Amino acid sequence: MQATAYKDLGAMEKDRNFCNWPAGVKIGKQETKNIQKSQTISGLAAVKNLFLLSFHDRDPLAAKVSAGGWQVSSARRKEGLRGRFLSSNALIAVVDLRAAIDDGLAAIVDLAGLDENNGIAILALADEGEQDDIAEKCHRAGATHFLDIANPNANLDQAINFAYRYVENIRGGTEATHDFNRLLTQVDEQWSFSKLGISQNWYSQKLESSFPEVSFNTYPVTGIYRVLSDEDRMRVRGAMGRLRTGATQAAVAHFRNGDKIIHHLYDSGERIHGRLERVTDNETDIGWTGRDMVSGLRNGSSARNWMRSRLATGRNLGLIMFGVKNFATINAAYGRSVGDEIMRRIGQRLISETLGFSIDKCLVARMDGQNFVVVMELLSDLSDVALEYTNYAEELLSKVFEPISVEARNIGLVARAGVAIASDSSDEAVLIRRATLALAEAMASDALPLIVSNSSEENILVEQQLESDLAHALERGDITIALQPQIKVETGQLVGAEALARWNHPTLGFLGAATLFSVAERAGLMELLSSHIHKLAFKIAGHWPESLSFLRLSINVTAGDLANADFVEGMMQAIENAGFEAKRTTLEITESELIGDLKSAAQRLSALREQGLRIAIDDFGTGYSSLAYLKNLPLDYIKIDSGLTGDISGSTKDQVVVKSIIEMGRSLGLSVIAEGVETEAQLTTLAEQGCQLFQGFLRSGPISAEEFEIYALLSN
């Protein structure tokens, strides 16, 4: 280790101006002194500093601890751990062992070796469910405190406060400080600058050898700065600026001969200390902006960049996209905090199951909402690995999405997966789209939890083109309305029609509602499309002749519509502008769509019922919230899904189910409409069971507005 003093007063003044310390700070000339190992240079206060090591959950955990007022220095790797801890100015180390028990125990042993005088606290975080004796192992490794973080009663803030009280007690209540000499003996590339001019300015021999072109005797602070690029200099000045305005710590990334370096800066009041940490390619930190703050995984943007860079070099990738089908239900039933914890646990499980793969060849990310991806670089011969990769996806699906215990509740997960394998493609968007569509198909299926994409790149490009075409379709009037007659079971009398949207595409012809709405959802046009369909349907019904004034119009309403604060006003305005009657309008709510705020939805629907509208649950029996909707929403009709009515003429079980729904509706004072009626036998069975209304191809499928008007006049 080499000590140095300024030999050029002009150089000293330049370095002081670079740091821009407050006026009045004196910098004087001193003789060079050797720093002895026995010498102590104190003054690095750790009043609210904390060091965090978390292998898989660093960023969300750091954010949570920071919210408690702690200055957090965080790490995801155990390499260079002692130096990083000592440089953090902290006397509390929090080590998160979840999904990394062996590495976590090794880290505790490493940190405990610094604590000869019992002057630091090591708080171990673990999930006792992972290993029964984990608390005892942490104690033997050298941890002073332990917290079962998976316990619903665990209080991380209090555990940290107890750890700091322990440090205060051990040190006799004095201000907690580090022995700076320990730092000098542990870290290689480092420097220290005295702002007061009464202590030594020094730099390590390793730093001098790493930067042979720099004269550290002349420029001990700005020497490294002088050899950086203009862009890197701007970053360093920003970091120094943060120290100047009151921060005690800052870090800045810059490059040296192609290698990435993290330059850690610390302000102790009297001194500025710098430490260089070299980061290898496999350890490159993607930073907070590339992380999902809930799960701790990469976020969608970072995942896309990772895939794009590898596809561009001709590598083949396999992508598994997982979705939690009942995540919205979990959020609604248990609250968002439990939902966030579920996301974090899933992230941990995925990391744990993929630890055996190189991080350069395997990616785990949370794309958005409840969707996660695992992406792997595959061999060039895809025919040999496709089946193996699909089997691996099935294995992950079964292991990762087992029930999760949160707050003493065992919460079951309904998970699905879509698999896509890149073949001669350099477009990550196409690969993601293929997996997304496969996942959507699996989500819609009750029998197939995993779907392997068979969509070609050509088909995906067609899907993308449809999204682009939809906005223009709304402008050109390509969205049309078909009407399906609704008829009384007992008399065969026509009573109304359901409005169904169709897309008259200029090159692909008529596209059904399922395609239209799926494209609209992906294009972010659902709200605009729904409003457009409502206005168009009311306009058509508003032109029905006086002789058809007895007919009702049913329109479909989405959960997104009900979440809109202006829904009631907008609906009434659309009815009034069309010259239609509110009392002849029925709003059909798709039961399979989850309504996030039932109370607000009920209030809005009640306000519309007071204006004369009627409310129906569509596709009853296919979703998760049938009974909740019956209990909380103001209803007039139940519509039995066509999947239940399809086999009632031959299946005893289906007859029992349908009869139960009809009887339940009758007991609640609700009318029942059966969808998908195609045979006289089905209609006879429905009549015997007391169903009041039906619609289906037995009498008429969806027809154009002009055809419906003729049909209605002839039926009257």
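Glu581 counts as partly exposed because its relative accessibility is 31%, a class that lies between buried, under 20% relative accessible area, and exposed, over 50% (1.4 Å probe, protein chains only). Its side chain meets that of Arg584 in a salt bridge, 3.2 Å from N to O, where a salt bridge is a side-chain nitrogen of Lys or Arg within 4 Å of a carboxyl oxygen of Asp or Glu. Arg584, at 11% relative accessibility, counts as buried. The model is a predicted one, in which local features need pLDDT of at least 70 and side-chain atom pairs count only at pLDDT 80 or more, while totals for chains, interfaces and linings use all residues. Residues are numbered from 1 along each chain as its sequence is written, and side-chain values use heavy atoms, with hydrogens and water left out.

A second pair is made by Lys639 and Glu675, whose side chains meet in a salt bridge of 3.4 Å, N to O. Lys639 lies in strand β25 (residues 637-640) and Glu675 in the loop between β26 and α24, so this pair ties together parts that are 36 residues apart in sequence; helices (H or I, at least four residues) and strands (E, at least two) are DSSP runs, numbered from the N terminus. Both Lys639 and Glu675 are buried, and they belong to a network of salt bridges that also links Glu498 and Glu588. Across the whole structure, a search finds 22 salt bridges.

The loop that holds Glu675 leads on to helix α24. In this helix (residues 680-689), Gln682, Leu683, Thr685, Leu686 and Gln689 are buried. Seen down the axis of α24, these buried residues fall within an arc of 160 degrees, so they line one face of the helix; the arc is that of the directions from the helix axis to the C-beta atoms. An α-helix has 3.6 residues a turn, so residues three or four places apart point the same way. The cover over the buried residues of α24 includes α22 (642-645), α23 (652-667), β26 (671-674) and β27 (693-694), with contact taken as heavy atoms within 4.5 Å. Just after α24, Gly690 takes a positive phi of about 95 degrees.

Earlier in the chain there is an open sheet of five strands in the order β3-β2-β4-β5-β6, with parallel pairing; two strands pair if DSSP finds at least two bridges between them. Strands β3 and β6 (145-148) stand at the edges, each with a single partner strand, so one side of each is left without a neighbour in the sheet. The twist averages 20 degrees from one strand to the next.

Within this sheet, strand β2 (residues 49-54) is mostly covered, six of its six residues being buried. Asn49, Phe51 and Leu53 point one way from β2, whereas Leu50, Leu52 and Ser54 point the other way. Five bridges join β2 to the parallel strand β3 (residues 71-75), and four join β2 to strand β4 (residues 92-96), also in parallel. Leu53 stands opposite Ala75 in β3, and in β4 its bridge partner is Val95.

Two helices lie across strands of this sheet. Helix α4 (residues 101-112) lies across β2, β4 and β5 (121-126), running at about 165 degrees to β4, while α6 lies across β2, β4, β5 and β6 at about 160 degrees to β5. Here axes are lines fitted to C-alpha atoms, for helices over the stretch in contact, and angles run from 0 to 180 degrees between N-to-C directions. Helix α6 (residues 156-170) also holds both Glu168 and Arg165, three residues apart, about one turn of the helix. These two form a salt bridge, with the closest N and O atoms 3.6 Å apart, and Glu168, at 27% relative accessibility, counts as partly exposed.

A further open sheet has five strands in the order β13-β14-β12-β17-β18, with mixed pairing. Its edges are β13 (362-368) and β18 (450-452), each with a single partner strand, so one side of each is left without a neighbour in the sheet. The twist averages 20 degrees from one strand to the next. Strands β12 (residues 316-324) and β14 (residues 371-378) pair in the antiparallel sense over eight bridges, and the bridge partner of Gly323 in β14 is Asn371. Helix α10 (residues 300-311) lies across β12, β13 and β14, running at about 140 degrees to β13. Helix α14 (residues 428-444) packs on the sheet as well, touching β12, β13, β14, β17 (415-421) and β18, with its direction at about 145 degrees to that of β17.
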